[in-house]
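Trainee: Could we walk through this model together, one question at a time?
Mentor: Gladly; let's start from the picture itself.

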Amino acid sequence: MDVSFLTIAELSEAYRKGETSPVAATKALLDRIEQHDGSLHSFIRVTPEVALADAEAAEREMAAGKRRGPLHGIPYALKDIIETAGIVTTGHSKIRQDHVPVEDAEVARRLKAAGAVLVGKLATWEFSHGGPSFDLPWPPARNPWNTDYLPGGSSSGAGAAVAAGLVPFAIGTDTGGSVRGPAAFCGLAGLKPSYGRVSRRGVYSNTFTMDHCGPLTRSAEDVAAVMTAIAGHDPEDPSTEDMPVPDYLAELGGGIRGLRLGVVEGWHDGPGAHRELGGAIDAAVGVLEGLGARIERVKLTGLREYTDCKSIISAVEHFAIHAEEFRARPQDFGRIFRNRVLPGAIIRGEDYVQALRWRAVLAREQAAALQKVDAFVTAASLGVADRANPDAVAADRFAFGLSITQPFSISGVPALAIPCGFTRAEGLPLSLQIAAGPMQDALVLRIAHAYQQATDWHRRHPVLG
Amino acid sequence: MSDLTHLPPASEAELRQRLKDAGVELSDELFRQFVAVWPGFEAMVRRIPRGFAYGDDPAHVFPPLRITRI
């Protein structure tokens, strides 16, 4: 049985029917990684011994009649800023290339408890912020749809590995769009959960109040399965909320008839958008309307203001995290990371606080709009994947370009990217973004699931060379 | 709301001094790279709205029961 592009749900069902097993599936995917990752560079480190031990344990439990849940025996990989006990966690940086954590991050611990099978650690932009970079100890990941292109970032390896059929799911992190961007560029589902829903403990910090762990998968249903395992209060992470966790899988059904969806004006159809994006979003909105949703237009503050606000807060906080290293060994950071974060050394305290006050204004504006609609709909990226061109990325246009994901990082609401088409020009994925109010992750997933029941964009996969 | 977009750009000498004040010493090459990107950040900083009311809280707050949990 070829397990390469099975969803979590399909692979779990195959286990139940005896069509394959955790050990067989894990071995097949390890072989596939060996065969293809030389050109994709999605993994920094593959962990076959850990994977096979986890898979054998899952298989023994299943043989004894024990099923831990939807992730039991399912292979996955972690972005390499998520700490793993006894396994080097590099942050894709020379600064931490030999760092071996003594504890698992909380999200890794929960996945282990759910019986998932860790097959390795994934490429990222340096410390989830500086990239794509060609001057780090490991090369940047490539996009499986066309390896001349990049998979987006910063969860670059996560996007590439899941899209390439190397693992059914991966855990990335999203501060300004680092789950949603790679999901968009690789044709995947990627969720930035509500802030406070998933623990950040044991994950290299970027921007304290915008850092989120989230899954990249092949369907909204699979996102729900992963969220069921990783969401929940962590007493040792003061950002997490102590409130009940829904059964995300159970809440997928029910459809979207009567829901009010607000299409944000002037974002995906504004400056900098790919010429084919507007048509793809219009078509997706048409599908949602056909499923019974009521479509309305919503006006929010422009992307420039959101990007300014996020960038200032991030630069200051990220510099504070790495300040000692910047003082001692600035040359050991990659050029892009250094130049994006070093401004945080000289942005004044007042500027930082004013940006935080502006953030509160922007978040309240979204909250007010969500009194009139149930969810926002827009694109998950203004363009498609970029070419892997070291000369082009050296100029680092990413530092100042507009971001369509950062508005929901600013507000901390759940936001999900799902594929909604492919460009004729490049043959690369386009992506829809759905966001709702704080802690309404289940609603976002329900809308996306309804869309994916009516479309097949998420069923398309790249052909690897 | 007001902003600071009317201010002149920082000079290279000012930037080197501000980095030094932060304890960061860069080689000439790394400083040249920094000088190339700084204007983009400076523009963002200066576009941020000012003139909030005294009581307009920032988005970071201090939840003591969470922070001081032992």
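Mentor: A word on burial before we begin: a residue is buried if 20 or more other C-beta atoms lie within 10 Å of its own, exposed if 12 or fewer, and partly exposed in between, with C-beta atoms placed from the backbone. This is a predicted model, where local features need pLDDT of at least 70 and side-chain atom pairs count only at pLDDT 80 or more, while totals for chains, interfaces and linings use all residues. Residues are numbered from 1 along each chain as its sequence is written, and chains are lettered from A and ligands numbered from 1 in the order in which they are written.

Trainee: Does A:F127 count as buried or exposed?
Mentor: A:F127 is found in the loop between β3 and α5 of chain A; helices (H or I, at least four residues) and strands (E, at least two) are DSSP runs, numbered from the N terminus. A:F127 has a positive phi of about 45° although it is not a glycine. Because 26 C-beta neighbours lie inside 10 Å, A:F127 counts as buried.

Trainee: And how many C-beta neighbours does A:H92 have inside 10 Å?
Mentor: Most residues other than glycine have a negative phi. A:H92, in the loop between β2 and α4 of chain A, has a positive phi of about 55°. A:H92 counts as buried, and its number of C-beta neighbours inside 10 Å is 35.

Trainee: Which peptide bond is cis with omega near 0°?
Mentor: Most peptide bonds are trans. In the loop between β3 and α5 (156–163) of chain A sits A:P132, and A:S154 is found in that loop as well. The bond from A:G153 to A:S154 is cis with omega near 15°. The cis bond with omega near 0° is the one from A:G131 to A:P132.

Trainee: How many residues of strand β3 of chain A are buried?
Mentor: β3(A) has partners: strand β1 (residues 43–46) of chain A joins it antiparallel by 3 bridges, and strand β2 (residues 75–79) of chain A pairs with it in the parallel sense over 5 bridges; two strands pair if DSSP finds at least two bridges between them. A:G120 is the bridge partner of A:V46 and also stands opposite A:A77. β3(A) covers residues 117–122 and is largely enclosed by the rest of the structure, because the number of its 6 residues that are buried is 6.

Trainee: Through which helix does the chain cross from β7(A) to β8(A)?
Mentor: Strand β7 (residues 260–264) of chain A has 4 of its 5 residues buried, and 5 bridges join it in parallel to strand β8 (residues 294–298) of chain A. A:G262 has A:E296 as its bridge partner in β8(A) and A:F376 as its partner in β9(A). The β-α-β crossover is right-handed, that is, with the strands pointing away from the viewer, the path from the first strand over the helix to the second runs clockwise. The helix on this path is α8 (residues 277–290) of chain A.

Trainee: Which helix gives the largest share of the largest nonpolar core?
Mentor: A nonpolar core is a set of buried Ala, Val, Leu, Ile, Met, Phe, Trp, Tyr and Cys residues joined through C-beta atoms within 7 Å. The largest one has 156 residues, and A:Y76 and A:I312 are among those with the most contacts inside it. Its largest share, 9 residues, comes from α9(A).

Trainee: What is the radius of gyration of chain B?
Mentor: Chain B has 3 helices and 0 strands, and buried residues make up 16% of its 70 residues. The globule rule (2.2 Å times the number of residues to the power 0.38, with the radius taken over C-alpha atoms) gives 11 Å for 70 residues. Chain B is well over that, so it is more spread out than a compact globule, with a radius of gyration of 18 Å.

Trainee: Which helix supplies the largest share of the side of chain A that touches chain B?
Mentor: The contact takes 32 residues from chain A and 30 residues from chain B, where two residues are in contact if their C-beta atoms, placed from the backbone, lie within 7 Å. On the side of chain A that touches chain B, α9 (303–328), α10 (335–341) and α11 (349–369) each supply at least two residues. The largest share, 10 residues, comes from α11(A).
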